[in-house]
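Colleague: Before I plan anything at the bench, I would like a close look at one part of this chain. Could you take me through a single small sheet and then set it within its surroundings?

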Amino acid sequence: MMQDPYAPLTVETLPQRLGDLPALRDRLGDAGTWQVREVGDGNLNLVFIVEGEAGGLVVKQALPYVRLVGESWPLPLRRSFFEYHALRRQDARDPGSVPEVIHFDEAQALIVMEYLDGHIILRRSLIEGNRHEGLGEFLGRFCARTLFRGSDLSMSAADRKADLALFAGNVELCDITEALVFTEPYFDAPLNRHTPALDPIVRDLRADAALKIEAQRLKAAFATRAETMLHGDLHTGSVMVQGDRARVIDPEFAMYGPMGFDVGMLMANFLMAHCAQPGHGDRADHQEWILSVVRAIWTNFTAEFTHLWRTERTGMLFPRTLFEDQSQAWAAESARERWLGQVWRDALGIAGLECHRRILGLAHNAEFERIADEGLRAACEAKALVLGRALLMGQGDIAGIEALLGLTRSIS
Ligand code: ADP
Ligand code: MG
Ligand code: MG
Ligand code: MG
(Lines give C-alpha, C1' and ligand atoms only; values in the text may rest on other atoms or scores of the structure.)
(Ligands and ions follow the chains in the order given, each with its own letter.)
Protein backbone atom coordinates (compact mmCIF):
# COMPACT_ATOMS: atom_id res chain seq x y z
CA MET A 1 0.00 0.00 0.00
CA MET A 2 2.92 2.37 0.68
CA GLN A 3 3.71 2.47 -3.05
CA ASP A 4 0.12 3.09 -4.18
CA PRO A 5 -0.72 6.62 -5.30
CA TYR A 6 -2.93 8.58 -2.92
CA ALA A 7 -6.58 7.57 -2.97
CA PRO A 8 -9.28 8.43 -0.45
CA LEU A 9 -10.48 5.47 1.59
CA THR A 10 -14.11 4.41 1.63
CA VAL A 11 -16.01 2.28 4.12
CA GLU A 12 -15.81 -0.54 1.56
CA THR A 13 -12.12 -0.28 0.58
CA LEU A 14 -10.64 0.36 4.03
CA PRO A 15 -10.44 -3.29 5.20
CA GLN A 16 -8.82 -4.41 1.90
CA ARG A 17 -6.35 -1.55 1.89
CA LEU A 18 -5.33 -1.57 5.57
CA GLY A 19 -6.10 -5.19 6.46
CA ASP A 20 -2.52 -6.42 6.10
CA LEU A 21 -0.91 -3.88 8.43
CA PRO A 22 0.36 -5.72 11.52
CA ALA A 23 -0.23 -2.72 13.81
CA LEU A 24 -3.92 -2.75 12.88
CA ARG A 25 -4.39 -6.50 12.91
CA ASP A 26 -2.85 -6.65 16.40
CA ARG A 27 -5.38 -4.16 17.70
CA LEU A 28 -8.46 -5.12 15.72
CA GLY A 29 -8.18 -8.78 14.80
CA ASP A 30 -8.71 -10.22 11.33
CA ALA A 31 -9.82 -7.71 8.69
CA GLY A 32 -12.75 -9.96 7.80
CA THR A 33 -14.36 -8.96 11.10
CA TRP A 34 -13.89 -5.20 10.75
CA GLN A 35 -16.94 -2.93 10.91
CA VAL A 36 -16.25 0.50 9.39
CA ARG A 37 -18.21 3.75 9.63
CA GLU A 38 -17.33 7.27 8.54
CA VAL A 39 -17.96 9.79 11.31
CA GLY A 40 -16.10 12.91 10.17
CA ASP A 41 -18.11 15.88 11.39
CA GLY A 42 -15.20 18.28 11.05
CA ASN A 43 -14.62 20.79 8.33
CA LEU A 44 -11.68 19.18 6.58
CA ASN A 45 -11.04 15.44 6.70
CA LEU A 46 -12.34 11.87 6.51
CA VAL A 47 -12.58 10.08 9.86
CA PHE A 48 -13.43 6.35 10.05
CA ILE A 49 -14.12 4.28 13.13
CA VAL A 50 -12.97 0.71 12.58
CA GLU A 51 -14.08 -1.96 15.03
CA GLY A 52 -12.90 -5.57 14.92
CA GLU A 53 -13.25 -8.57 17.18
CA ALA A 54 -10.31 -7.40 19.32
CA GLY A 55 -10.96 -3.64 19.60
CA GLY A 56 -11.40 -0.34 17.77
CA LEU A 57 -9.25 2.28 16.04
CA VAL A 58 -9.75 5.58 14.25
CA VAL A 59 -8.41 6.20 10.74
CA LYS A 60 -8.18 9.87 9.80
CA GLN A 61 -7.33 10.72 6.20
CA ALA A 62 -6.83 14.12 4.64
CA LEU A 63 -8.66 15.01 1.43
CA PRO A 64 -6.99 17.18 -1.22
CA TYR A 65 -9.62 19.89 -0.61
CA VAL A 66 -11.63 21.49 2.22
CA ARG A 67 -14.46 19.12 3.02
CA LEU A 68 -16.78 21.90 4.21
CA VAL A 69 -16.46 23.81 0.93
CA GLY A 70 -15.65 21.15 -1.69
CA GLU A 71 -13.12 20.59 -4.47
CA SER A 72 -13.16 24.27 -5.40
CA TRP A 73 -10.95 24.93 -2.35
CA PRO A 74 -7.86 22.71 -2.66
CA LEU A 75 -5.84 22.01 0.48
CA PRO A 76 -2.62 19.98 0.54
CA LEU A 77 -2.57 16.44 1.87
CA ARG A 78 0.57 17.14 3.86
CA ARG A 79 -1.49 18.67 6.67
CA SER A 80 -1.71 15.06 7.82
CA PHE A 81 2.09 15.02 8.18
CA PHE A 82 1.94 18.06 10.48
CA GLU A 83 -0.92 16.55 12.49
CA TYR A 84 1.09 13.37 12.96
CA HIS A 85 4.19 15.24 14.10
CA ALA A 86 2.16 17.47 16.42
CA LEU A 87 0.36 14.48 17.99
CA ARG A 88 3.69 12.80 18.74
CA ARG A 89 5.09 15.93 20.33
CA GLN A 90 1.96 16.60 22.39
CA ASP A 91 2.00 13.02 23.63
CA ALA A 92 5.65 13.38 24.68
CA ARG A 93 5.08 16.78 26.30
CA ASP A 94 1.83 15.91 28.10
CA PRO A 95 1.62 12.10 28.12
CA GLY A 96 -1.87 10.69 27.64
CA SER A 97 -3.40 14.03 26.61
CA VAL A 98 -3.98 13.03 22.95
CA PRO A 99 -4.97 9.79 21.17
CA GLU A 100 -2.08 7.37 20.80
CA VAL A 101 -0.80 7.17 17.20
CA ILE A 102 -0.71 3.59 15.92
CA HIS A 103 0.39 4.09 12.31
CA PHE A 104 1.12 6.91 9.86
CA ASP A 105 1.20 6.74 6.07
CA GLU A 106 2.48 9.95 4.56
CA ALA A 107 1.63 9.14 0.91
CA GLN A 108 -1.96 8.25 1.81
CA ALA A 109 -2.13 11.20 4.25
CA LEU A 110 -3.59 8.93 6.89
CA ILE A 111 -3.15 8.55 10.62
CA VAL A 112 -4.35 5.50 12.50
CA MET A 113 -4.95 6.35 16.14
CA GLU A 114 -6.57 5.22 19.34
CA TYR A 115 -10.36 5.19 19.22
CA LEU A 116 -11.75 7.33 22.04
CA ASP A 117 -14.66 4.98 22.57
CA GLY A 118 -17.57 6.47 24.49
CA HIS A 119 -16.12 9.99 24.26
CA ILE A 120 -18.09 12.85 22.71
CA ILE A 121 -17.00 16.22 21.41
CA LEU A 122 -16.84 18.72 24.28
CA ARG A 123 -18.80 21.37 22.37
CA ARG A 124 -21.73 18.97 22.07
CA SER A 125 -21.51 18.08 25.73
CA LEU A 126 -21.57 21.75 26.76
CA ILE A 127 -24.69 22.26 24.61
CA GLU A 128 -26.31 19.31 26.38
CA GLY A 129 -25.58 20.99 29.71
CA ASN A 130 -23.11 18.41 31.04
CA ARG A 131 -20.35 19.12 33.54
CA HIS A 132 -16.94 17.46 33.50
CA GLU A 133 -14.91 17.29 36.67
CA GLY A 134 -11.29 18.39 36.22
CA LEU A 135 -11.78 19.72 32.68
CA GLY A 136 -10.21 23.16 33.21
CA GLU A 137 -7.36 21.59 35.15
CA PHE A 138 -6.62 19.18 32.29
CA LEU A 139 -6.81 21.89 29.63
CA GLY A 140 -4.72 24.39 31.60
CA ARG A 141 -2.02 21.78 32.20
CA PHE A 142 -2.15 20.68 28.54
CA CYS A 143 -1.50 24.26 27.44
CA ALA A 144 1.30 24.80 29.96
CA ARG A 145 3.09 21.54 29.19
CA THR A 146 2.82 21.61 25.41
CA LEU A 147 3.56 25.34 25.11
CA PHE A 148 6.45 25.43 27.60
CA ARG A 149 8.05 22.20 26.40
CA GLY A 150 7.88 23.23 22.74
CA SER A 151 9.71 26.50 23.36
CA ASP A 152 13.23 27.87 23.79
CA LEU A 153 12.54 27.87 27.53
CA SER A 154 12.81 24.09 27.45
CA MET A 155 14.14 22.59 24.21
CA SER A 156 17.73 22.55 23.00
CA ALA A 157 18.26 25.33 20.47
CA ALA A 158 19.02 22.78 17.73
CA ASP A 159 15.84 20.76 18.32
CA ARG A 160 13.66 23.82 18.62
CA LYS A 161 15.06 25.34 15.40
CA ALA A 162 14.53 22.03 13.57
CA ASP A 163 10.91 21.99 14.72
CA LEU A 164 10.43 25.62 13.84
CA ALA A 165 11.63 24.78 10.30
CA LEU A 166 9.49 21.64 10.12
CA PHE A 167 6.24 23.34 11.12
CA ALA A 168 7.02 26.38 8.96
CA GLY A 169 6.05 24.07 6.09
CA ASN A 170 2.41 24.09 7.23
CA VAL A 171 1.88 27.17 5.07
CA GLU A 172 -1.62 26.58 3.76
CA LEU A 173 -3.24 25.89 7.13
CA CYS A 174 -1.42 28.84 8.64
CA ASP A 175 -2.76 30.91 5.77
CA ILE A 176 -6.31 29.81 6.60
CA THR A 177 -5.84 31.06 10.17
CA GLU A 178 -4.32 34.33 9.00
CA ALA A 179 -7.31 34.93 6.72
CA LEU A 180 -10.20 33.47 8.73
CA VAL A 181 -9.24 34.64 12.23
CA PHE A 182 -7.40 37.90 11.67
CA THR A 183 -8.79 39.42 8.48
CA GLU A 184 -12.02 38.19 6.91
CA PRO A 185 -14.37 38.89 9.85
CA TYR A 186 -13.63 42.60 9.35
CA PHE A 187 -14.74 43.00 5.75
CA ASP A 188 -17.41 41.56 3.51
CA ALA A 189 -15.39 38.45 2.49
CA PRO A 190 -17.21 36.10 0.07
CA LEU A 191 -17.59 33.11 2.42
CA ASN A 192 -18.65 35.13 5.48
CA ARG A 193 -22.13 34.87 6.88
CA HIS A 194 -23.95 36.11 9.96
CA THR A 195 -27.43 36.20 11.48
CA PRO A 196 -29.17 39.09 9.64
CA ALA A 197 -30.35 40.83 12.83
CA LEU A 198 -26.67 41.49 13.63
CA ASP A 199 -26.28 43.82 10.62
CA PRO A 200 -25.97 47.11 12.58
CA ILE A 201 -23.34 45.80 15.02
CA VAL A 202 -21.43 44.10 12.18
CA ARG A 203 -21.37 47.41 10.30
CA ASP A 204 -19.96 49.15 13.37
CA LEU A 205 -17.25 46.53 13.86
CA ARG A 206 -16.16 46.70 10.22
CA ALA A 207 -16.00 50.49 10.35
CA ASP A 208 -13.84 50.48 13.49
CA ALA A 209 -10.33 51.31 12.29
CA ALA A 210 -8.76 51.03 15.76
CA LEU A 211 -10.14 47.51 16.08
CA LYS A 212 -8.80 46.50 12.67
CA ILE A 213 -5.37 47.88 13.59
CA GLU A 214 -5.44 45.81 16.77
CA ALA A 215 -6.41 42.69 14.77
CA GLN A 216 -3.47 43.25 12.40
CA ARG A 217 -1.09 43.90 15.30
CA LEU A 218 -2.08 40.50 16.72
CA LYS A 219 -1.71 38.93 13.28
CA ALA A 220 1.85 40.25 13.12
CA ALA A 221 2.53 38.65 16.52
CA PHE A 222 1.02 35.38 15.30
CA ALA A 223 3.05 35.41 12.08
CA THR A 224 6.40 36.48 13.53
CA ARG A 225 6.63 35.61 17.26
CA ALA A 226 7.52 31.92 16.94
CA GLU A 227 7.59 31.09 20.66
CA THR A 228 6.38 27.53 20.63
CA MET A 229 4.54 24.79 18.76
CA LEU A 230 0.87 25.66 18.95
CA HIS A 231 -2.01 23.23 18.58
CA GLY A 232 -3.39 25.92 16.29
CA ASP A 233 -7.09 24.91 16.42
CA LEU A 234 -7.70 24.49 20.14
CA HIS A 235 -11.44 24.98 20.54
CA THR A 236 -14.13 22.90 22.24
CA GLY A 237 -14.64 20.93 19.00
CA SER A 238 -11.03 19.69 19.32
CA VAL A 239 -11.56 18.18 22.77
CA MET A 240 -13.30 14.87 23.44
CA VAL A 241 -14.73 14.00 26.85
CA GLN A 242 -16.20 11.07 28.69
CA GLY A 243 -17.18 11.85 32.27
CA ASP A 244 -14.07 13.26 33.91
CA ARG A 245 -11.73 12.04 31.13
CA ALA A 246 -10.65 14.39 28.35
CA ARG A 247 -8.35 14.28 25.32
CA VAL A 248 -7.27 16.84 22.78
CA ILE A 249 -7.55 15.91 19.08
CA ASP A 250 -6.99 17.44 15.63
CA PRO A 251 -3.71 19.45 15.72
CA GLU A 252 -3.37 19.72 11.91
CA PHE A 253 -3.02 23.53 12.22
CA ALA A 254 0.13 23.11 14.33
CA MET A 255 2.71 25.86 13.79
CA TYR A 256 5.13 27.99 15.76
CA GLY A 257 3.52 31.08 17.24
CA PRO A 258 2.83 32.96 20.48
CA MET A 259 1.66 30.95 23.50
CA GLY A 260 -1.39 33.15 23.99
CA PHE A 261 -2.88 31.94 20.71
CA ASP A 262 -3.89 28.50 21.99
CA VAL A 263 -4.85 29.78 25.44
CA GLY A 264 -6.95 32.62 24.02
CA MET A 265 -8.76 30.54 21.38
CA LEU A 266 -9.59 27.93 24.02
CA MET A 267 -10.92 30.42 26.58
CA ALA A 268 -12.96 32.22 23.89
CA ASN A 269 -14.83 29.05 23.01
CA PHE A 270 -15.94 28.68 26.64
CA LEU A 271 -16.89 32.37 26.78
CA MET A 272 -19.02 31.88 23.65
CA ALA A 273 -20.57 28.74 25.17
CA HIS A 274 -21.43 30.93 28.16
CA CYS A 275 -23.08 33.55 25.93
CA ALA A 276 -25.04 30.85 24.04
CA GLN A 277 -26.56 29.12 27.09
CA PRO A 278 -29.77 31.21 27.25
CA GLY A 279 -30.54 29.81 23.79
CA HIS A 280 -30.66 26.31 25.25
CA GLY A 281 -32.97 26.77 28.23
CA ASP A 282 -32.71 27.98 31.80
CA ARG A 283 -28.98 27.60 32.21
CA ALA A 284 -27.80 30.06 34.87
CA ASP A 285 -25.99 27.36 36.87
CA HIS A 286 -24.41 25.90 33.79
CA GLN A 287 -23.25 29.36 32.70
CA GLU A 288 -21.46 29.83 36.02
CA TRP A 289 -19.91 26.37 35.73
CA ILE A 290 -18.58 27.26 32.27
CA LEU A 291 -16.96 30.38 33.76
CA SER A 292 -15.43 28.22 36.48
CA VAL A 293 -13.77 26.18 33.71
CA VAL A 294 -12.28 29.36 32.22
CA ARG A 295 -10.93 30.24 35.67
CA ALA A 296 -9.48 26.73 36.07
CA ILE A 297 -7.86 26.84 32.61
CA TRP A 298 -6.02 30.05 33.42
CA THR A 299 -5.07 29.26 37.03
CA ASN A 300 -3.86 25.77 36.14
CA PHE A 301 -2.03 27.07 33.09
CA THR A 302 -0.14 29.61 35.20
CA ALA A 303 0.50 27.17 38.07
CA GLU A 304 1.90 24.48 35.77
CA PHE A 305 3.85 27.01 33.69
CA THR A 306 5.36 28.36 36.92
CA HIS A 307 6.29 24.86 38.06
CA LEU A 308 7.96 24.13 34.69
CA TRP A 309 9.73 27.50 34.70
CA ARG A 310 11.25 26.69 38.10
CA THR A 311 12.12 23.05 37.42
CA GLU A 312 12.60 22.54 33.66
CA ARG A 313 14.12 25.75 32.33
CA THR A 314 16.73 23.88 30.28
CA GLY A 315 16.57 25.88 27.04
CA MET A 316 18.62 28.87 25.97
CA LEU A 317 16.22 31.49 27.35
CA PHE A 318 16.67 32.85 30.89
CA PRO A 319 19.41 30.33 31.74
CA ARG A 320 19.86 29.48 35.40
CA THR A 321 23.51 30.52 35.09
CA LEU A 322 22.32 34.13 34.95
CA PHE A 323 19.77 33.93 37.76
CA GLU A 324 19.44 31.05 40.23
CA ASP A 325 23.19 30.33 40.13
CA GLN A 326 23.90 33.92 41.11
CA SER A 327 21.40 34.01 43.98
CA GLN A 328 18.98 35.94 41.82
CA ALA A 329 16.05 33.55 41.70
CA TRP A 330 13.86 36.59 42.37
CA ALA A 331 14.85 38.00 38.97
CA ALA A 332 13.89 34.78 37.20
CA GLU A 333 10.55 34.99 39.03
CA SER A 334 9.98 38.52 37.88
CA ALA A 335 10.86 37.53 34.29
CA ARG A 336 8.32 34.71 34.57
CA GLU A 337 5.63 37.12 35.73
CA ARG A 338 6.36 39.40 32.79
CA TRP A 339 6.24 36.43 30.40
CA LEU A 340 2.85 35.34 31.76
CA GLY A 341 1.62 38.93 31.53
CA GLN A 342 2.41 38.88 27.81
CA VAL A 343 0.65 35.52 27.37
CA TRP A 344 -2.40 36.96 29.17
CA ARG A 345 -2.60 40.05 26.95
CA ASP A 346 -2.10 38.00 23.78
CA ALA A 347 -4.73 35.50 24.94
CA LEU A 348 -7.30 38.24 25.58
CA GLY A 349 -6.73 39.71 22.11
CA ILE A 350 -6.94 36.33 20.40
CA ALA A 351 -10.07 35.51 22.42
CA GLY A 352 -11.65 38.71 21.12
CA LEU A 353 -10.84 37.81 17.51
CA GLU A 354 -12.13 34.27 17.99
CA CYS A 355 -15.47 35.56 19.32
CA HIS A 356 -15.82 37.67 16.20
CA ARG A 357 -14.75 35.20 13.56
CA ARG A 358 -17.04 32.41 14.84
CA ILE A 359 -20.07 34.68 14.41
CA LEU A 360 -19.08 36.72 11.35
CA GLY A 361 -16.80 34.43 9.36
CA LEU A 362 -16.96 31.09 7.55
CA ALA A 363 -16.74 28.62 10.47
CA HIS A 364 -19.53 28.97 13.00
CA ASN A 365 -20.14 27.33 16.39
CA ALA A 366 -22.87 24.76 16.97
CA GLU A 367 -23.92 26.37 20.27
CA PHE A 368 -25.12 29.42 18.36
CA GLU A 369 -26.17 27.63 15.14
CA ARG A 370 -28.46 25.26 17.05
CA ILE A 371 -30.55 28.10 18.50
CA ALA A 372 -33.57 27.86 16.18
CA ASP A 373 -35.23 31.15 17.23
CA GLU A 374 -33.31 33.69 15.15
CA GLY A 375 -34.00 36.61 17.47
CA LEU A 376 -32.75 34.69 20.47
CA ARG A 377 -29.70 33.51 18.53
CA ALA A 378 -28.87 37.07 17.47
CA ALA A 379 -29.20 38.26 21.08
CA CYS A 380 -26.73 35.61 22.28
CA GLU A 381 -24.34 36.28 19.41
CA ALA A 382 -24.51 40.04 19.95
CA LYS A 383 -23.27 39.58 23.52
CA ALA A 384 -20.31 37.56 22.29
CA LEU A 385 -19.52 40.24 19.67
CA VAL A 386 -19.59 42.98 22.32
CA LEU A 387 -17.44 40.84 24.62
CA GLY A 388 -15.03 40.18 21.75
CA ARG A 389 -14.60 43.88 21.12
CA ALA A 390 -14.03 44.55 24.83
CA LEU A 391 -11.35 41.85 24.93
CA LEU A 392 -9.64 43.06 21.79
CA MET A 393 -9.58 46.72 22.76
CA GLY A 394 -9.27 46.37 26.56
CA GLN A 395 -6.38 43.92 26.82
CA GLY A 396 -4.29 46.16 29.06
CA ASP A 397 -7.18 47.01 31.39
CA ILE A 398 -8.37 43.47 32.12
CA ALA A 399 -6.07 42.84 35.01
CA GLY A 400 -6.65 39.17 35.72
CA ILE A 401 -8.95 36.19 35.46
CA GLU A 402 -11.57 37.52 37.90
CA ALA A 403 -11.73 40.76 35.90
CA LEU A 404 -12.32 38.73 32.73
CA LEU A 405 -15.11 36.72 34.36
CA GLY A 406 -16.68 39.88 35.81
CA LEU A 407 -16.58 41.56 32.41
CA THR A 408 -18.20 38.50 30.81
CA ARG A 409 -21.00 38.42 33.41
CA SER A 410 -21.63 42.14 32.99
CA ILE A 411 -22.10 41.74 29.21
CA SER A 412 -24.06 38.49 29.12
P1 ADP B 1 -11.28 17.48 11.22
O2 ADP B 1 -9.82 17.80 11.08
O3 ADP B 1 -11.90 17.17 9.91
O4 ADP B 1 -12.00 18.52 12.01
P5 ADP B 1 -11.24 15.79 13.62
O6 ADP B 1 -9.90 15.24 13.97
O7 ADP B 1 -11.72 16.95 14.40
O8 ADP B 1 -11.34 16.09 12.04
O9 ADP B 1 -12.28 14.60 13.73
C10 ADP B 1 -13.62 14.75 13.29
C11 ADP B 1 -14.54 13.98 14.23
O12 ADP B 1 -14.20 12.61 14.28
C13 ADP B 1 -14.44 14.46 15.67
O14 ADP B 1 -15.31 15.52 15.90
C15 ADP B 1 -14.84 13.23 16.45
O16 ADP B 1 -16.26 13.13 16.51
C17 ADP B 1 -14.31 12.11 15.58
N18 ADP B 1 -12.99 11.66 16.05
C19 ADP B 1 -11.78 12.14 15.65
N20 ADP B 1 -10.76 11.50 16.27
C21 ADP B 1 -11.34 10.59 17.08
C22 ADP B 1 -10.81 9.58 17.97
N23 ADP B 1 -9.49 9.42 18.14
N24 ADP B 1 -11.71 8.79 18.64
C25 ADP B 1 -13.04 8.96 18.46
N26 ADP B 1 -13.59 9.86 17.63
C27 ADP B 1 -12.76 10.67 16.94
MG1 MG C 1 -11.78 19.02 13.99
MG1 MG D 1 -9.09 19.60 11.81
MG1 MG E 1 -7.12 14.35 15.31
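Modeller: Let me begin with one pair of residues: isoleucine 121 stands opposite methionine 240 in β10. Please keep in mind throughout that this is a predicted model. The pair belongs to the contact between β8 and strand β10, residues 239–242, where two bridges join the strands and the two run antiparallel. These strands are part of an open sheet of three, in the order β8-β10-β11, with antiparallel pairing. Within that sheet β8 (120–121) and β11 (245–248) stand at the edges, and because each has a single partner strand, one side of each is left without a neighbour in the sheet.

To place this small sheet in the chain, it helps to turn to the domains. The chain is divided into domain 1, covering 14–114, and domain 2, covering 120–411. The C-alpha centres of domain 1 and domain 2 lie 26 Å apart, and the contact between them takes 17 residues from domain 1 and 20 residues from domain 2. On the side of domain 1 that touches domain 2, the residues divide into seven nonpolar, five polar and five charged.

A second sheet offers a useful counterpart to the three-stranded one. This is an open sheet of five strands, ordered β1-β2-β3-β7-β6 and paired in the antiparallel sense. Here β1 (35–38) and β6 (101–105) stand at the edges, each with a single partner strand, so that one side of each is left without a neighbour in the sheet. Neighbouring strands of this five-stranded sheet are turned by 20 degrees against each other on average, if direction is ignored. At the β1 edge, the pairing with strand β2, residues 46–52, is antiparallel and extends over four bridges, and within it valine 36 has valine 50 of β2 as its bridge partner.

There is also a hairpin to consider, made by β4 and β5 with three residues between them. Strand β4, residues 65–66, pairs with β5 in the antiparallel sense over two bridges, and valine 66 stands opposite glycine 70 in β5. Strand β5, residues 70–74, is hardly covered, since the count of buried residues among its five residues is zero.

Quite another setting is found at phenylalanine 261, whose place is in helix α10, residues 260–276. Phenylalanine 261 is buried, because 30 other C-beta atoms lie within 10 Å, where 20 or more are needed for a residue to count as buried. Leaving out residues up to four places away in sequence, phenylalanine 261 touches Phe222, Leu230, Asp346 and Ile350. Phenylalanine 261 and leucine 18, by contrast, are 243 residues apart in sequence and 37 Å apart in space, taken C-alpha to C-alpha.

Helix α10 also leads to the nonpolar interior. The largest nonpolar core has 105 residues, and those with the most contacts inside it are Met267, Leu271, Ala351 and Cys355. To this core α10 gives the most, with 12 residues, while at least three residues are drawn from each of domain 1 and domain 2. Methionine 267, once its neighbours within four places in sequence are left aside, is in contact with Val294, Ile297, Ala347 and Ala351.

Technical notes
Residues are numbered from 1 along each chain as its sequence is written. Chains are lettered from A and ligands numbered from 1 in the order in which they are written. This is a predicted model: local features need pLDDT of at least 70, side-chain atom pairs count only at pLDDT 80 or more; totals for chains, interfaces and linings use all residues. Domain bounds come from an automatic or database domain assignment. Two residues are in contact if their C-beta atoms, placed from the backbone, lie within 7 Å. Ala, Val, Leu, Ile, Met, Phe, Trp, Tyr, Cys and Pro count as nonpolar, Asp, Glu, Lys and Arg as charged, and the others, Gly among them, as polar. Two strands pair if DSSP finds at least two bridges between them. Axes are lines fitted to C-alpha atoms, for helices over the stretch in contact, and angles run from 0 to 180 degrees between N-to-C directions. A residue is buried if 20 or more other C-beta atoms lie within 10 Å of its own, exposed if 12 or fewer, and partly exposed in between; C-beta atoms are placed from the backbone. A nonpolar core is a set of buried Ala, Val, Leu, Ile, Met, Phe, Trp, Tyr and Cys residues joined through C-beta atoms within 7 Å.
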